[in-house]
Every structure is written in structure tokens, then in C-alpha cells.
Amino acid sequence: LTLPLYWYLSRVLGASGIAAAGVAGVCMYTAALAFIWKRRQGQGTFSHLGRHALSALLASLVAAAPAALSAYAVARLQEGGPLLWAFVSIAVSGTLFALVYILITRLCAPKLLEPLLTPLPAALRRRILPPARENLPKT
């Protein structure tokens, strides 16, 4: 569906057109998946989406700051070759982003971590996620 869009926008806008077509393709794909998911799972599927999206956005913004600073710091070290330092920059900033994001969501919105941690072994999940609030003693 997006192939004609890629062709047309690349002719009109060049590299920016390819990027725009990519964004349009991802948006169409996401809309189609959301439609299918809602039909299969029912009306309440996206009931808490706004609150979870806001929590994830805030945690991402907080995590983006140290990740961006680390990418900037690594970029200042470029002496070997640009490809090596680009890889190091992505590895360091991505790892830092993930660690800060997990820490923030663990403290403020542990529900957001559940989909990320489900594939992990139960013992590791218990070490990352705090105990459920309803199991804590009442004070």
C-alpha cells in the first residue's frame, strides 16, 4: 500500500519524502493493528491507554536526557572512525535510556513494565518489579 507513496514522495521530496513515507506506513500499520485488536478484544481494550501513554512519555522524556548527554559525550571522542563511534554512541545511549526508563517506571508506574518483563524468568521479574501494592502490610 505504501510503495506508491514511497515512489512519489522520494521523487518530490528526496530523502525527506522517503522518511515521510516511512512514517505514513508505520501510522497505517499501527491503525490497522489497533482496529483488528479492538475487534478481537472488545471495547475496553484501550480504556487505560491515555494514562499509560502519558506515564510512558514522561518516563521516556526523563530517560532521554542522560541518554542524549551520553551520545553527545561519545560523539566528542570520535578519533577512530565514524562508524565505530556511531555504534558506541548508540550502544551507550540506548543502554542508559533503558536503565533510566526501567528505574523510573519501576518507581512510578510498575504496570508499564509488565509487558516488557513477561518473557523473563519469574525469579528475575521478582527482582526487578516491586511487590504488588495490595500485598503490602497496611499502615
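# Helix packing exercises

Helices α3 and α4 run roughly antiparallel to each other, because their packing angle is over 145 degrees. This is a predicted model, and the exercises below work through that pair before moving on to the rest of the chain.

## Exercise 1: the α3/α4 pair

Work out what angle and axis distance describe the packing of α3 and α4, and which way they cross.

Solution. Step one is finding the two helices: α3 covers residues 49-75 and α4 covers residues 82-108. Step two is the geometry. Their axes sit 8 Å apart and make an angle of about 150 degrees. Step three is the verdict: about 150 degrees is over the 145 cut-off, so the pair counts as roughly antiparallel. Last, the handedness: α3 passes α4 in a right-handed crossing.

## Exercise 2: who meets whom

List residues that α3 and α4 bring to their contact, then say how many are nonpolar, polar and charged.

Solution. Start on the α3 side, where the contact residues include Ala-56, Ala-59, Ala-63, Pro-66, Ala-67, Ser-70, Ala-71 and Val-74. Now go over to α4, whose contributors include Trp-85, Val-92, Ser-93, Leu-96, Phe-97, Val-100, Tyr-101, Ile-104 and Thr-105. Sort the contact residues by type and you get 17 nonpolar, 5 polar and no charged.

## Exercise 3: zoom in on four contact residues

For Ala-59, Pro-66, Val-92 and Ser-93, find the partners that lie beyond four places in sequence. For the last three, decide how open each one is: buried, partly exposed or exposed?

Solution. Take them one at a time.

- Ala-59: once neighbours within four places in sequence are set aside, Ala-59 is in contact with Tyr-101, Ile-104 and Thr-105.
- Pro-66: this residue lies in helix α3. Skipping residues up to four places away, Pro-66 touches Leu-96 and Val-100. The C-alpha atoms of Pro-66 and Phe-97 are 7.1 Å apart, although 31 residues separate the two along the chain. With 25% relative accessibility, Pro-66 counts as partly exposed.
- Val-92: look for this one in helix α4. Beyond four places in sequence, Val-92 touches Ser-70 and Val-74. From Val-92 to Ser-70 is 22 residues in sequence but 6.9 Å in space, C-alpha to C-alpha. Its relative accessible area is 36%, so Val-92 is partly exposed.
- Ser-93: helix α4 holds this residue too. Leaving out residues up to four places away, Ser-93 touches Ala-67, Ser-70 and Ala-71. At 14% relative accessibility, Ser-93 falls under the 20% cut-off and therefore counts as buried.

## Exercise 4: the nonpolar core

Name the residues of the largest nonpolar core and say which helix gives the most to it.

Solution. First collect the members: Ala-56, Ala-59, Ala-63, Val-100, Tyr-101, Ala-109 and Leu-112, 7 residues in total. Next, check the suppliers: α3 and α4 each put in at least two residues. The top contributor is α3, with 3 residues.

## Exercise 5: the α1/α2 pair

Now try the same routine on α1 and α2: find the angle, the axis distance and the crossing, then the contact residues.

Solution. Helix α1 spans residues 3-13, and α2 spans residues 15-41. The two pack at about 150 degrees, with axes 6 Å apart. That angle makes α1 roughly antiparallel to α2. The crossing of α1 past α2 is right-handed. On the α1 side, the contact is made by Leu-5, Tyr-6, Leu-9, Ser-10 and Leu-13. From α2 come Ala-15, Ser-16, Gly-17, Ile-18, Ala-20, Ala-21, Gly-22 and Ala-24. By type, that is 9 nonpolar, 4 polar and no charged.

## Exercise 6: a lysine and the whole chain

Find how far Lys-111 is from His-52, and decide whether Lys-111 is buried or exposed. Then step back: how many helices and strands does the protein chain have?

Solution. Lys-111 and His-52 are 59 residues apart in sequence, yet 8.5 Å apart in space, C-alpha to C-alpha. Lys-111 has 55% relative accessibility, which means that Lys-111 counts as exposed. Zooming out, the protein chain has 6 helices and 0 strands, giving the pattern α-α-α-α-α-α along the sequence. Of its 139 residues, 17% count as buried. Finally, take the contacts between residues at least 6 apart in sequence: 37% of them join residues at least 24 apart.

Technical notes: Residues numbered from 1 in each chain as written. Predicted model: local features only at pLDDT ≥ 70, side-chain atom pairs only at ≥ 80, totals over all residues. Heavy atoms only, no water. Axes fitted to C-alpha atoms, helices over the stretch in contact; angles between N-to-C directions. Helix = DSSP H or I, 4+ residues; strand = E, 2+ residues; numbered from the N terminus. Parallel < 35°, antiparallel > 145°, perpendicular 65-115°, else oblique. Left-handed = near helix turned anticlockwise from the far one by under 90°. Contact = heavy atoms within 4.5 Å. Nonpolar A, V, L, I, M, F, W, Y, C, P; charged D, E, K, R; others polar. Core = buried A, V, L, I, M, F, W, Y, C linked by side-chain atoms within 4.5 Å. Buried < 20%, exposed > 50% of the residue type's maximum accessible area, 1.4 Å probe, protein only.
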